[in-house]
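I opened this entry to record what I looked up around the two ligands, and then along one helix.

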Amino acid sequence: MKNYKVPTLTIAGSDSSGGAGIQADLKTFSAIGTYGMSVITAITAQNTQGVFSVEELSKEIIKKQMEAVFDDIPPKAVKVGMVSGPEIIVEIVDSLKKYNPEYLVVDPVMISKSGYSLLRPEAKENLIKYLIPMAYIITPNTPEAEEITGIKVESIDDMKKVGQKILDMGPKFVLMKGGHLEGDAVDVLIGKDVFEIYKSERLDRKNTHGTGCTLSSSITAHLALGYDIKESVRLSKTYITEAIRYSFDIGKGVGPVHHFYKFE
Ligand SMILES: Nc1ncnc2c1ncn2[C@@H]1O[C@H](COP(=O)(O)OP(=O)(O)O)[C@@H](O)[C@H]1O
Ligand SMILES: Cc1ncc(COP(=O)(O)OP(=O)(O)O)c(N)n1
């Protein structure tokens, strides 16, 4: 059930076109019915056709944003998205250890759909060493899971095997997203005593900009509202499927999903 007083936080990059990153996360937090806040890590010049430029913010201003939020409105659940540099990751991890939010959702953003690298190569080690182990749930797509483990993911069996490898790195749950594979859109949730498959039809839509951001922030909002992990993922899978079904044909490239389809 919605509760607009439940605070949720996204720590991520800004997408000037509003379809992914911070903007998608805040829209999702509102659509699910929580109070959304943001710590911006980087600014991207981006639209439906691609990412044209990225400017990372300093670790000092990231730390200050986190202090400002946590000292005043401690979030019930936090999502981390684009964190492109190694120093930024260390700063965020230190602050998260200090404030210790109940739920930490890590979307290990690496490459945009348009092919632009959103994680500097030298930051990968810190992501794997420091951020992934402290996650309550991590939500890699198949290329990200391959990058994290070095193992190819081409089938649901591979998703299970590679998901288990990522689970061994320390997070409580892993949601392996299957949007990049063929056939039905199948996601797999893996935990110590948890194994769930979430399947939807594959929608023939071109406008899928921001699907990963939207799914992970929906999980964050549902956890904050008190749903358990399986229910949070189930409701979020339905939300992203419908948001893709009603996605917008705006812009000249890959348009955004419809975060507010329920309110039409
Ligand atoms: N064409 C599609 N039809 C239905 N669901 C999709 C489609 N493409 C992706 N999804 C779903 O959207 C979510 C994001 O998936 P994915 O594309 O794998 O991640 P990312 O956006 O991070 O690359 C997953 O739940 C996936 O199953
Ligand atoms: C600022 C920013 N953060 C993340 C992404 C990646 O978004 P995602 O939902 O994984 O998928 P695409 O938007 O790339 O389709 C991004 N593009 N920008």
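I began with ligand 1, in what is a predicted model, and found 19 residues around this ligand, of which Asn141, Lys177, Gly179, Ala185 and Gly212 come nearest. I then asked which elements give two or more residues to this shell, and they are β8 (185-191), α7 and α8 (229-245). Of these, α8 gives the most, with four residues. Sorted by class, the shell around ligand 1 divides into five nonpolar, nine polar and five charged residues.

I turned next to ligand 2, where 18 residues make up the surroundings and Gly13, Ala20, Gly21, Lys113 and Gly212 come nearest. At least two residues of this shell come from each of β1 (7-15), β2 (35-47) and α7 (211-224). By class I noted six nonpolar, 10 polar and two charged residues around ligand 2.

I also checked the record: UniProt, in an unreviewed entry, places the feature "domain: Pyridoxamine kinase/Phosphomethylpyrimidine kinase" at residues 15-258. Over that stretch I read 41% helix and 20% strand, with the end C-alpha atoms 16 Å apart.

Last, I looked at helix α5 (residues 142-149), whose buried residues are Thr142, Glu144, Ala145 and Ile148. Seen down the axis of α5, these buried residues fall within an arc of 160°, so they line one face of the helix. I asked what covers the buried residues of α5, and the cover includes α4 (124-131), α6 (156-167) and β7 (173-176). After α5 comes Gly150, for which I noted a positive phi, near 80°.

Methods. Residues numbered from 1 in each chain as written. Chains lettered and ligands numbered in written order. Predicted model: local features only at pLDDT ≥ 70, side-chain atom pairs only at ≥ 80, totals over all residues. Near = placed C-beta within 6 Å. Nonpolar A, V, L, I, M, F, W, Y, C, P; charged D, E, K, R; others polar. UniProt positions renumbered as here; feature names shortened; annotations may be inferred. Buried ≥ 20, exposed ≤ 12 C-beta atoms within 10 Å, placed from the backbone. Arc of directions from axis to C-beta. Contact = placed C-beta atoms within 7 Å.
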